[in-house]
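Visitor: Could you take me on a close look at a single part of this model? I'd like the cut-offs spelled out along the way.

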Amino acid sequence: MDTLAKLLDGVRARGAVFTRTVMSPQWSLRFASGAHLTLVAALNGRVWITPADGEPMELGSGDIAVLRGPAPYTVAEDPASPPGRVITSADYCARTARAVVVGEPALDPRTCGVDEPGSPLLISGAYEDRAGISDRLLDALPDVLVVPEADSDRTLLALVAEEVRRDKPGQQAVLDRLLDLMLVSTLRAWFDRPKNHAPAWYRPTDDSVVASALRLMHDDPAHPWTVATLAAKVGASRSGLARSFARHVGEPPMTYLATWRVALAADLLRDTDDTVSSIAHKVGYSNTFALSVAFKRCRGITPTQHRAAVLHSRGLSA
């Protein structure tokens, strides 16, 4: 059961914004591109990342961070330094562009700043389009996660750093696939660290009964599961499955299933034009009302309100 692969199956970078940023002394940048997922790696030097609502986190040379958006964040030499610039999706390399206009030496492709030996160097890659990024995945991530150099794929990072500087035919397709690979590699390394308390759908369990029950719910969430039918399928007693599931997963089977169904519904509400009634049946609810009750209990809003909020964020009307 590889749920991470399923959740990442729809994540495909298209026109990924990759930037190689060379920093001047006492630098501080506010990134406000609206990207929904961003990967940041420090290639030399140490930097601080401060999310919109969180404490600063230090990123050492070779470390990789994943940031959840679309809220802005600050990357700085010192977390106490106020941002000297705000960078948007339309203004990633304005300083470099101006330098070229006035006849200064051109930098490598996708390189921003002044290319000075020894300057701190960042590589960042952003998913600006939310499509395909599952709520079930985002719900398992903090605003900022950091994978240290020792646990990251250094060969892959070196390849990304080299490809960002190139400008060959098909380069954007290469960068898109590298960003996807870098995301999978980084998330896997982060989930594998015991202290990060990976979600139940990722954690391996030595209890075959619980693993089988999870597989059944993930593979067919629309089935009218009960604890009794799950227990019969996995060859356990109803009470035995309930006890084992709660011990390994941290909540009862039906609570887990409801949360899983609502997260799946949230993805369908965002990424499809299916009616709420159709989505209800796809995720295991008999009608719109049943889905609405479960959705509001889990998320505090109705499916219709969730879809309206998604459309509003895209500048559309319901």
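Guide: Here is a walk along one helix and the residues around it.

First, the ground rules. This is a predicted model, where local features need pLDDT of at least 70 and side-chain atom pairs count only at pLDDT 80 or more, while totals for chains, interfaces and linings use all residues. Residues are numbered from 1 along each chain as its sequence is written, and side-chain values use heavy atoms, leaving out hydrogens and water.

Our part is helix α9, residues 253–271. Helices here are DSSP runs of H or I with at least four residues, strands are runs of E with at least two, and both are numbered from the N terminus. The expected span of a helix is 1.5 Å times one less than its number of residues. For the 19 residues of α9 that gives 27 Å, and the end C-alpha atoms are 27 Å apart, so the two agree.

How covered is α9? Mostly: 15 of its 19 residues are buried. Buried means under 20% relative accessible area, exposed means over 50%, and partly exposed is in between, using a 1.4 Å probe and protein chains only.

Now zoom in on two rings. Tyr 256 and Trp 260 both sit in α9, four residues apart, which is about one turn of the helix. Tyr 256 has 6% relative accessibility, so it counts as buried, and Trp 260 is buried too, at 7%. A pair of aromatic rings is described by the distance of the centres and the angle of the planes. The rule: rings of Phe, Tyr and Trp (its six-membered ring) pair if their centres lie within 6.5 Å, with planes under 30 degrees apart called stacked, over 60 edge-to-face and the rest tilted. That yields four aromatic pairs. Tyr 256 with Trp 260 is a stacked one, at 6.2 Å centre to centre and 10° between the planes. Add Phe 245 and you have one aromatic cluster of Phe 245, Tyr 256 and Trp 260.

Next comes a neighbour of both rings. Trp 201 touches Tyr 256 and Trp 260, and its other contacts include Leu 137, Phe 191 and His 218; that list skips residues up to four places away in sequence, and contact means heavy atoms within 4.5 Å.

Tyr 256 and Trp 201 turn up again in the largest nonpolar core, which has 49 residues. Such a core is a set of buried Ala, Val, Leu, Ile, Met, Phe, Trp, Tyr and Cys residues joined through side-chain atoms within 4.5 Å. The residues with the most contacts inside it are Leu 137, Leu 141, Phe 191, Trp 201 and Tyr 256. Helix α5 (residues 171–191) supplies the largest share of this core, nine residues. In soluble globular proteins, nonpolar side chains tend to be buried together.

It's not just aromatics, though. Asp 267 lies in α9 as well, and at a relative accessible area of 7% it is buried. Leaving aside residues up to four places away in sequence, Asp 267 touches Ile 133, Ser 134, Asp 135 and Arg 136.

One last stop: the charged end of Arg 261 sits over the ring of Tyr 285, 5.5 Å from its centre. To qualify, NZ of Lys or CZ of Arg must be within 6 Å of the ring centre and within 35 degrees of the ring normal.
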